[in-house]
Amino acid sequence: MGVVRDIFIGLSENKILNDASKQIGLRFGAQKVVGGTGVNDTLKRLADINNQGMSVTFDNLGEFVSDRSEAEKEKNNIIKMIRESHKAGLDAHASVKLSQIGLGIDETFCYNNIKEIMEAAKEANMFVNLDMENYLSKEQSLTILDKLLEEYDNVGTVIQAYFYDAKKEVRKYKNIRTRLVKGAYKEPDTIAYQSKEDIDQSYFEIIKTHLVEGDGFTSIATHDHNIIEKTIRFIETQKISKDKFEFQMLYGFRKDYQQDLVARGYNMCVYVPYGTDWYAYFMRRLAERPQNLNLVVKSLTSS
Ligand code: FDA
């Protein structure tokens, strides 16, 4: 399994393939997990999801941008999507990766970009989630979040359960809207749990803490039915109101389960990545779960 994972991670980092994929549009089954390449096709996808009783969060694909003009272009793309989805009356919010709008270039430049996004979101009465990336960018991201929180109440972030200090962090942000995840990046054992067992245990702990200790809205972002069902049992025994939390899953994953949770009366938010930079995202999803290769096979056999 490790070899297959490494192959897909290698493919995700291949610059020639990344550049080429921008020219050809969604291929090889990527359309099942990416909402669209442009604003209009993505808006249609978001509306479809809303019509199934689920809210959406959109993510303009692309990360670790190292060029100022590119970062500004991405910032403008995000603002456009905020305005257009608001105009279309969608139940939507924005997910933003700070590395896409200049975090790796200059912190002040990045802060000014996210401020512009926050202003557009405020006008649209929309929430903005700062996605969390690797540990190296975490401290800078949290500094920016703390600064934004002095001015805005429509911003929140992600806490990654694999970090040893996740529980401390979840207490710090217990009163703001927070997405809780297991954590997606490779981090060393000096700072992060490595085994699935330890990560799952930490994850369930931070879910419980965020749900009961503060009054911030909790987004439980996982495809793991064991964690979800355990959380539901906890919520029922603690009599936690359903409007205090939601489940989140990625677009195209466990669609039946998403609908099942909606039918059981839970809030479900679907995370929809979109844009021409779809290739690395798609390869990483294949690396994470090689069973997703059936998307590729189906796309090749049905055309
Ligand atoms: P995990 O991959 O541990 O799977 C547990 C079990 O669930 C599997 O063994 C299997 O039984 C079942 N399962 C999982 N996927 C399945 C599928 N597709 N079909 C059937 N069964 C399946 N990370 C990060 O570091 N920063 C971030 O900002 C975010 N943001 C984010 C948003 C959203 C909406 C989601 C869903 C996830 C993230 N993540 C993230 C990624 C997250 O940290 C994590 O890497 C992935 O969600 C994978 O872990 P899971 O919790 O889904 O379960």
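These legends go with a set of close-up views of a predicted model. Residues are counted from 1 along each chain, following the sequence as written. Since this is a prediction, local features need pLDDT of at least 70 and side-chain atom pairs count only at pLDDT 80 or more, while totals for chains, interfaces and linings use all residues.

**View 1. The two domains of the chain.** Domain 1 is made of 1-34 + 282-303, and domain 2 covers 41-274. These bounds come from an automatic or database domain assignment. From C-alpha centre to C-alpha centre, domain 1 and domain 2 are 23 Å apart.

**View 2. Helix 1 against helix 11.** Helices here are DSSP runs (H or I, at least four residues) and strands are too (E, at least two), numbered from the N terminus. The axes of helix 1 (residues 2-12) and helix 11 (residues 278-288) come within 8 Å, crossing at roughly 175 degrees. That makes the pair roughly antiparallel; angles under 35 degrees count as roughly parallel, over 145 as roughly antiparallel, 65 to 115 as roughly perpendicular and the rest as oblique. Axes are lines fitted to C-alpha atoms, for helices over the stretch in contact, with angles from 0 to 180 degrees between N-to-C directions. On the helix 1 side, look for Arg5, Phe8, Ile9, Leu11 and Ser12, which meet Ala280, Met283, Arg284, Leu286 and Ala287 of helix 11. Contact here means C-beta atoms, placed from the backbone, within 7 Å. This contact has seven nonpolar, one polar and two charged residues (Ala, Val, Leu, Ile, Met, Phe, Trp, Tyr, Cys and Pro count as nonpolar, Asp, Glu, Lys and Arg as charged, and the others, Gly among them, as polar).

**View 3. Helix 4 alongside helix 5.** Helix 4 (residues 68-87) and helix 5 (residues 107-123) have axes that come within 9 Å and cross at roughly 15 degrees, so the two are roughly parallel. Their crossing is right-handed, that is, the near helix is turned clockwise from the far one by less than a right angle (anticlockwise would be left-handed). Helix 4 brings residues including Ile78, Ile79 and Ile82, and helix 5 brings Phe109 and Ile117 among others. By class, the contact holds eight nonpolar, one polar and four charged residues.

**View 4. Helix 8 and helix 9.** The axes of helix 8 (residues 196-213) and helix 9 (residues 225-238) come within 11 Å and cross at roughly 30 degrees, so this pair is roughly parallel. Here the crossing is right-handed. Tyr203, Phe204 and Ile207 are among the helix 8 residues in the contact, with Ile227 and Phe234 among those from helix 9.

**View 5. The shell around the ligand.** The ligand is surrounded by 20 residues, the closest being Val181, Ala184, Thr222, His223 and Tyr271; a residue is near if its C-beta atom, placed from the backbone, lies within 6 Å. Strand 4 (155-160) and strand 7 (245-250) each give two or more residues, and strand 7 has the largest share, three residues. The shell has ten nonpolar, five polar and five charged residues.

Definitions and conventions. Two residues are in contact if their C-beta atoms, placed from the backbone, lie within 7 Å.
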